[in-house]
Amino acid sequence: MLTIGTTVLGVEDVARATAFWCDALGYVPREDGDDTWVVLVPHAGGGARLALMLSETPVQEHPRIHLDLYADHQDAEVARLLDLGATIVDWDLYPEDPDFIVLADPDGNRFCVVDVGKA
């Protein structure tokens with residue numbers, strides 16, 4: 001049997017990405033990272049791990065894989081993430097009446113903030 005252990009994001013600046021994702025998710029580094037790699041874990045215990053890996057590959061406008069972050073209060077979370085350095089993506093693939101908003105982290109990686117109250 002297989003399970004997903006860690007999602008890995010390629011980033012241009014590991015330190016900057018670490019600060020953003022730790023603040024965004026309430027995560028902490030599992031152990032000291034370096035300029036090329038760090039694994040982040042939930043501060044309060046179990047949950048999904050997120051690794052940040054130095055990458056020279058350009059960001060994809062329409063990535064094949066992305067993170068969906070679930071929010072009880074989507075507008076408040078989007079505002080908080082924007083204050084942390086995220087940006088709104090001019091997403092051309094929204095369906096009618098979407099339950100998600102596409103943002104990008106400071107490295108340009110796209111992710112969605114999903115309104116769980118709309119589901």
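In this predicted model, helix α1 lies across β1, β2, β3 and β4 and runs at about 160° to β4. The four strands beneath that description make up an open sheet with the order β1-β4-β3-β2, and their pairing is mixed. At the edges sit β1 and β2 (27-29), each of which pairs on one side only. From one strand to the next, the twist averages 30°. Within this sheet, β3 and β4 pair in the antiparallel sense, over four bridges. One residue pair to look at here is valine 38 and its bridge partner in β4, leucine 52.

A second open sheet also has four strands, this time in the order β5-β8-β7-β6, and again the pairing is mixed. Its edge strands are β5 (67-71) and β6 (87-88), each pairing on one side only. β5 and β8 (residues 110-115) run in the parallel sense and share five bridges. Tyrosine 70 stands opposite valine 114 of β8.

This second sheet has its own helix. α2 (residues 74-84) lies across β5, β6, β7 (100-104) and β8, at about 155° to β8. Three residues of α2 are buried, namely Gln74, Val78 and Leu81. Looking down the axis of α2, these buried residues fall within an arc of 65°, so they line one face of the helix. That fits the usual helix geometry: with 3.6 residues a turn, residues three or four places apart point the same way. The buried residues of α2 are covered by elements that include α1, β5, β7 and β8. On the face turned away from the buried side, α2 carries the exposed residues Asp75 and Asp83. After α2 comes glycine 85, with a positive phi near 120°.

As for the interior, the largest nonpolar core has 22 residues, and the ones with the most contacts inside it are Trp21, Leu52, Leu81 and Phe111. Two or more residues each come from β1 (6-11), α1 (14-25), β3 (37-42), β4 (49-54), β5, α2 and β8. The biggest contributor is α1, which gives six residues. Apart from this core lies another, of seven residues, among them Val89, Phe100, Val102 and Ala104. Two names from the list of best-connected core residues came up earlier: Leu52 is the bridge partner of valine 38, and Leu81 is one of the buried residues of α2.

Phe111 deserves a closer look. Phenylalanine 111 is buried, with a relative accessible area of 1%. Leaving aside residues up to four places away in sequence, phenylalanine 111 touches Phe20, Trp21, Leu67, Leu69, Leu81, Ala86, Ile101, Val102, Leu103, Ala104 and Asp105. Among these contacts are Phe20 and Trp21, which bring in the aromatic side of the story.

Across the whole structure, the search turns up four aromatic pairs. In one of them, the ring centres of phenylalanine 20 and tryptophan 21 are 5.0 Å apart and the planes are at 85°, so the pair is edge-to-face. Phenylalanine 20 and tryptophan 21 are both buried. Tryptophan 21 also forms an edge-to-face pair with phenylalanine 111, at 5.1 Å centre to centre and with 65° between the planes. This pair links distant parts of the chain, since tryptophan 21 is in helix α1 and phenylalanine 111 in strand β8, 90 residues apart. Tryptophan 21 has a relative accessibility of 0% and therefore counts as buried. Taken together, ring pairs link Phe20, Trp21 and Phe111 into a cluster.

One last backbone detail concerns aspartate 97, found in the loop between β6 and β7. Its phi is near 50°, a positive value in a residue other than glycine. With a relative accessibility of 63%, aspartate 97 counts as exposed, in contrast to phenylalanine 111, which is buried.

Technical notes
Residues numbered from 1 in each chain as written. Predicted model: local features only at pLDDT ≥ 70, side-chain atom pairs only at ≥ 80, totals over all residues. Heavy atoms only, no water. Pairing = 2+ DSSP bridges. Contact = heavy atoms within 4.5 Å. Axes fitted to C-alpha atoms, helices over the stretch in contact; angles between N-to-C directions. Core = buried A, V, L, I, M, F, W, Y, C linked by side-chain atoms within 4.5 Å. Buried < 20%, exposed > 50% of the residue type's maximum accessible area, 1.4 Å probe, protein only. Arc of directions from axis to C-beta. Phe/Tyr/Trp six-rings, centres within 6.5 Å; stacked < 30°, edge-to-face > 60°.
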